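Reader: I would like to know how the labels given to a structure are justified. Please take me through them one at a time.

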Amino acid sequence: MDAATRSRRGLILINTGAGKGKTTAALGTAMRALGCGMKVLMLQFIKGSWHYGELDAAEAFGGRFVLKQMGRGFVKVGGAETDAEDVRLVEAAWAEGREAILSGAWDVVILDEINYAISYKMLDPAAVAETLRAKPEMVHVILTGRNAHPLLVELADTVTEMREVKHAYQKGILAQRGIEY
Ligand code: ATP
Ligand code: MG
């Protein structure tokens, strides 16, 4: 084994914070990994109702880039208010994400918006941490969404907080195709 091979290892990355760029940075990393011949799986924990451009872009890579919307685009938040169907969808997304990570079949697994599912108390951060600790050495995992849980921040290798300086939305400019979706 040469030095370059020995120094290769899978990382845990988190894109969090209130500024725009968490999901799109993960997609940028996916693009880079695909260019290196790697296989990428992106599971979107909350999204489901909108048709995002990345869904069609992923098709261009055939089976090397698989992107799945596992939610229905919005969740009702908070204790008794939380809809049982949303919890069920999050649990299904997590079951698939966990299996994908542990299988070693993907070089990069992106758990998009998983931080929201955790902060809405729909998913146990300890269960996610346990899987991340047990992941195959070479698998990279990216977790996105605001309010990343401290337990996962602690475990991660690279954590980036997007800070909002300004956003077009504040001027009343609605989400733009190709930029927001
Ligand atoms: P993106 O997918 O554009 O990288 P994101 O993943 O950082 O955004 P999310 O919290 O997932 O942000 O929000 C999803 C949607 O909200 C996207 O359409 C995104 O452009 C938009 N958005 C993100 N940050 C802001 C903000 N600070 N103000 C208003 N809208 C935002
Ligand atoms: Mg996002």
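Author: What follows goes through the labels in turn, for a model that is predicted.

Reader: What makes Thr 23 and Glu 113 donors of the magnesium ion (ligand 2)?

Author: A donor is an N, O or S atom within 2.8 Å of the metal. OG1 of Thr 23 and OE of Glu 113 lie 2.0 to 2.1 Å from the magnesium ion, so they count as its protein donors. Water is not among the atoms, so the site may look incomplete.

Reader: Why is this pair said to link distant parts of the chain?

Author: Thr 23 is in helix H2 (residues 22–35). Glu 113 is in the loop between strand S4 (108–112) and helix H5 (114–119). The two residues are 90 residues apart.

Reader: Why is Thr 23 called buried?

Author: Buried means under 20% relative accessible area. Thr 23 has 11%, so the word applies.

Reader: What relative accessible area makes Glu 113 buried?

Author: Glu 113 has 10%, and the limit is under 20%, so Glu 113 is buried.

Reader: How do you know that the side chains of Glu 113 and Thr 23 make a polar contact?

Author: A polar contact needs a pair of N or O atoms within 3.5 Å, one able to donate a hydrogen and the other to accept it. The contact between these two side chains is at 3.1 Å, so the distance meets the limit.

Reader: Which residues surround ligand 1?

Author: There are 14 of them, and the closest are Lys 20, Lys 22, Thr 24, Tyr 116 and Glu 164. Helix H2 gives the largest share of this shell, three residues. Ligand 1 sits in the largest pocket.

Reader: What makes the approach of Thr 24 to ligand 1 a polar contact?

Author: An N or O atom in the side chain of Thr 24 is 2.7 Å from an oxygen atom of ligand 1. That is within 3.5 Å, so the pair qualifies. Two further pairs involve a nitrogen atom of ligand 1: a backbone N or O atom of Ala 18 lies 3.1 Å away, and a polar side-chain atom of His 167 lies 3.3 Å away. Taken alone, ligand 1 exposes 570 Å², and the protein buries 83% of that.

Reader: Why is Lys 121 called exposed?

Author: Exposed means over 50% relative accessible area. Lys 121 has 74%, so it is exposed. Lys 121 lies in the loop between H5 and helix H6 (125–133). Its phi is near 60°, a positive value in a residue other than glycine.

Reader: What makes Asn 147 buried or exposed?

Author: Asn 147 has a relative accessible area of 55%, which is over 50%, so Asn 147 is exposed. Its place is in the loop between strand S5 (140–144) and helix H7 (150–155). Phi of Asn 147 is near 55°, again positive in a residue other than glycine.

Reader: Why does Ala 105 count as partly exposed?

Author: Partly exposed covers what lies between the limits of 20% and 50%. Ala 105 has 41%, so it belongs there. The residue lies in the loop between helix H4 (84–103) and S4.

Reader: How do you know that Leu 102 is partly exposed?

Author: Leu 102 has 32%, which falls between the two limits, so Leu 102 is partly exposed. Its place is in helix H4. The C-alpha atoms of Leu 102 and Glu 130 are separated by 11 Å, with the residues 28 apart along the chain.

Key
Residues numbered from 1 in each chain as written. Chains lettered and ligands numbered in written order. Predicted model: local features only at pLDDT ≥ 70, side-chain atom pairs only at ≥ 80, totals over all residues. Heavy atoms only, no water. Donors = N, O, S within 2.8 Å, 3.2 Å for Na, K, Ca; no water. Helix = DSSP H or I, 4+ residues; strand = E, 2+ residues; numbered from the N terminus. Buried < 20%, exposed > 50% of the residue type's maximum accessible area, 1.4 Å probe, protein only. Near = heavy atom within 4 Å. Areas by Shrake-Rupley, 256 points an atom, 1.4 Å probe, with all protein chains shown as cover. 1 Å grid on protein atoms, 1.4 Å probe; cavity = no way out; pocket = protein on both sides within 12 Å on 5 of 7 lines; lining within 4 Å. Sits in = over half its atoms within 2 Å of the grid points.
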